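Welcome! Here are some short exercises on reading a protein structure, each with a worked solution. Try every task yourself before you look at the steps.

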Amino acid sequence: MDNVFESALDALHKAGKKGNINPRVLKLLSRPKRVSDFAVTLKRDNGDFEVYDAYRVAYNDALGPTRDGTRFVPNLSLDEVKALGLFMTIKHAVSGVPAGGGKGGIKVDASKLSDRELESISRSFIRNLKPKGPGVDVPGADIGTGYKTQSWMLDEYEQITGVHCPQAINDKPAAVGGTVGSAEATGLGIFYITQEAARDHEIELDGAEVVVQGFGQVGATIANYLHEIGSKVIAVSDISGGIIDRDGLDIPELAKKVEAGALLKDLEGYEQVSNEELLELDCDLLIPAAVQNVINKNNADDIKADLVVEGANGPTTPEADEILKEKGIPVIPDVVANAGGAIVCHYERIQGITDDYWDIEEVEKRLKKQITGAYSASYDVSQELDLSMRHSAWVVALKRVSKAVEMRGWV
Ligand SMILES: NC(=O)c1ccc[n+]([C@@H]2O[C@H](COP(=O)([O-])OP(=O)(O)OC[C@H]3O[C@@H](n4cnc5c(N)ncnc54)[C@H](O)[C@@H]3O)[C@@H](O)[C@H]2O)c1
């Protein structure tokens, strides 16, 4: 299935059937509630003029205001934004976050823009979106956006309304009303989930052999947490390729080199491994934390890990999911495993609304309780209905959305 939105709908209907979800709710969830499709213009530094496609999708808001990321990427499509809006609806629902799913973005290569140009399109995105505020829709960050763009978006929103309102935009730095712990939230959430899953599948993490694909914000963070508790991270990779050491890599040392700008393939003194070979290594735990569709029908049969925890969004295709299930390899799905960022965005909102800012211990304590709660709810349903964790996570989420939709009398 090539169309990303069709694949998302396929997942929706499969889970809906397995979970016996009200067909009217599935019908309602088969398209977004609201789509904004608009233009963002830019006067380039060199005098050129550009018009970019921009979108914001409010997928479903039965559980609360729509929330989540804004993607600045050159190949953005409305179907991709719709699919991501549905995924966020599921991720918030399974995590117990009182929010609906939203997503948006601009079809632009942000890496080719100067800071002034990036500021201009970030502000223009907010002006042209005409956001209705934190009770309706809250844009956060995603690929190509981050602290800088979110600070400009917040400032633009506040300039328009004339009111300070940190809860209107997510993923801001703490200096403008963001939360501490946001940068590590996804990696830390994956760490908590990995501890739960390792216990349920009888894997001793102390000394466990771990492979991590992707050594960016998510991959390096989870590799480091596991290294700290004595796991042997035997292989890691980035877009340039991977490195392997069966005795365990020195993750803090590697992180320093990568933060300084090194690519893994250029590091001297390491045995190299390709991204494809890395996924097929014999190990206790495999964490794909880079891009989508890396475990697919071509390599799923050769995966030898005892447990897969999805750090990236959509790293396993539906066909590969079936193959891994037949092989008895449990997969902890993205909607549960990498929900830490979305959960901590919720804490960012609470802190913005109350003007009461928490310390890191408070953020981490709440994250652990909330994300492991999502894991347990999904695990219990997977045992009860004999489903994969992916299907059970969707069923848990759909039941929660369904209840809210029905109580509101929408179907
Ligand atoms: N950052 C978050 O809070 C967050 C939250 C939820 C999900 N995710 C997902 O996690 C994944 C990683 O996000 P991130 O924030 O760490 O990104 P990042 O840009 O910080 O790091 C990505 C890493 O993957 C590597 N990479 C890129 N393309 C690759 C390829 N084709 N093969 C192998 N490696 C490749 C990069 O070199 C880099 O090491 C993405 O799928 C993202 O959607 C991130």
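**Exercise 1.** Leaving aside its neighbours within four places in sequence, which residues is Lys91 in contact with?

*Solution.* Keep in mind that this is a predicted model.
- Step 1: find Lys91 in helix α3, which covers residues 78-95.
- Step 2: set aside the residues within four places in sequence; the contacts of Lys91 are then Val335, Ala339 and Ala342.
- Step 3: count the surroundings. Lys91 has 27 other C-beta atoms within 10 Å, and a residue is called buried at 20 or more, so Lys91 is buried.
- Step 4: look at the record. UniProt, in an unreviewed entry, lists Lys91 under "binding site".

**Exercise 2.** Decide for Asp171 and for Asp355: buried or exposed?

*Solution.* 
- Step 1: locate Asp171. The loop between α5 (147-161) and α6 (185-200) holds Asp171.
- Step 2: count its neighbours. Asp171 has 28 C-beta neighbours inside 10 Å and therefore counts as buried.
- Step 3: turn to Asp355, in the loop between α12 (340-354) and α13 (360-385). Asp355 has 10 C-beta neighbours inside 10 Å, so Asp355 counts as exposed.
- Step 4: check the backbone angles. Most residues other than glycine have a negative phi. Asp171, however, has a positive phi near 65°, and the phi of Asp355 is positive too, at about 60°.

**Exercise 3.** How far apart in space, C-alpha to C-alpha, are Tyr192 and Lys368? Do the same for Asn20 and Leu398.

*Solution.* 
- Step 1: start with Tyr192 in helix α6. Along the sequence, 176 residues separate Tyr192 from Lys368, yet their C-alpha atoms are 6.3 Å apart.
- Step 2: list the contacts. Not counting residues up to four places away in sequence, Tyr192 touches Lys368, Ile371 and Thr372.
- Step 3: judge burial. Tyr192 has 20 other C-beta atoms within 10 Å, so Tyr192 is buried.
- Step 4: move to Asn20, in the loop between α1 (4-18) and α2 (23-28). Asn20 and Leu398 are 378 residues apart in sequence, with 9.7 Å between their C-alpha atoms.
- Step 5: judge burial again. Asn20 has 12 other C-beta atoms within 10 Å and is therefore exposed.

**Exercise 4.** Where does the largest nonpolar core lie, and why?

*Solution.* 
- Step 1: mark the domains assigned to the protein chain, domain 1 (22-165) and domain 2 (185-329). Their centres, taken over C-alpha atoms, are 30 Å apart.
- Step 2: describe the core. The largest nonpolar core has 121 residues, and those with the most contacts inside it include Ile193, Val212 and Val236.
- Step 3: draw the conclusion. Both domains give residues to this core, so the core lies between them.
- Step 4: zoom in on Val236. Among the residues that Val236 touches, beyond those up to four places away in sequence, are Val212, Phe215, Leu249 and Leu264.

**Exercise 5.** How many residues surround the ligand, and which element gives the most to the shell?

*Solution.* 
- Step 1: count the shell. The ligand is surrounded by 20 residues, and the closest are Gly214, Gly216, Asp238, Ala312 and Gly341.
- Step 2: look for elements that give two or more residues: these are α7 (217-228) and β8 (232-238).
- Step 3: pick the top contributor. With three residues, α7 gives the most to the shell.
- Step 4: sort by class. The shell has seven nonpolar, 12 polar and one charged residues.

Technical notes. Residues numbered from 1 in each chain as written. Predicted model: local features only at pLDDT ≥ 70, side-chain atom pairs only at ≥ 80, totals over all residues. Near = placed C-beta within 6 Å. Helix = DSSP H or I, 4+ residues; strand = E, 2+ residues; numbered from the N terminus. Nonpolar A, V, L, I, M, F, W, Y, C, P; charged D, E, K, R; others polar. Domains from an automatic or database assignment. Core = buried A, V, L, I, M, F, W, Y, C linked by C-beta atoms within 7 Å. Contact = placed C-beta atoms within 7 Å. UniProt positions renumbered as here; feature names shortened; annotations may be inferred.
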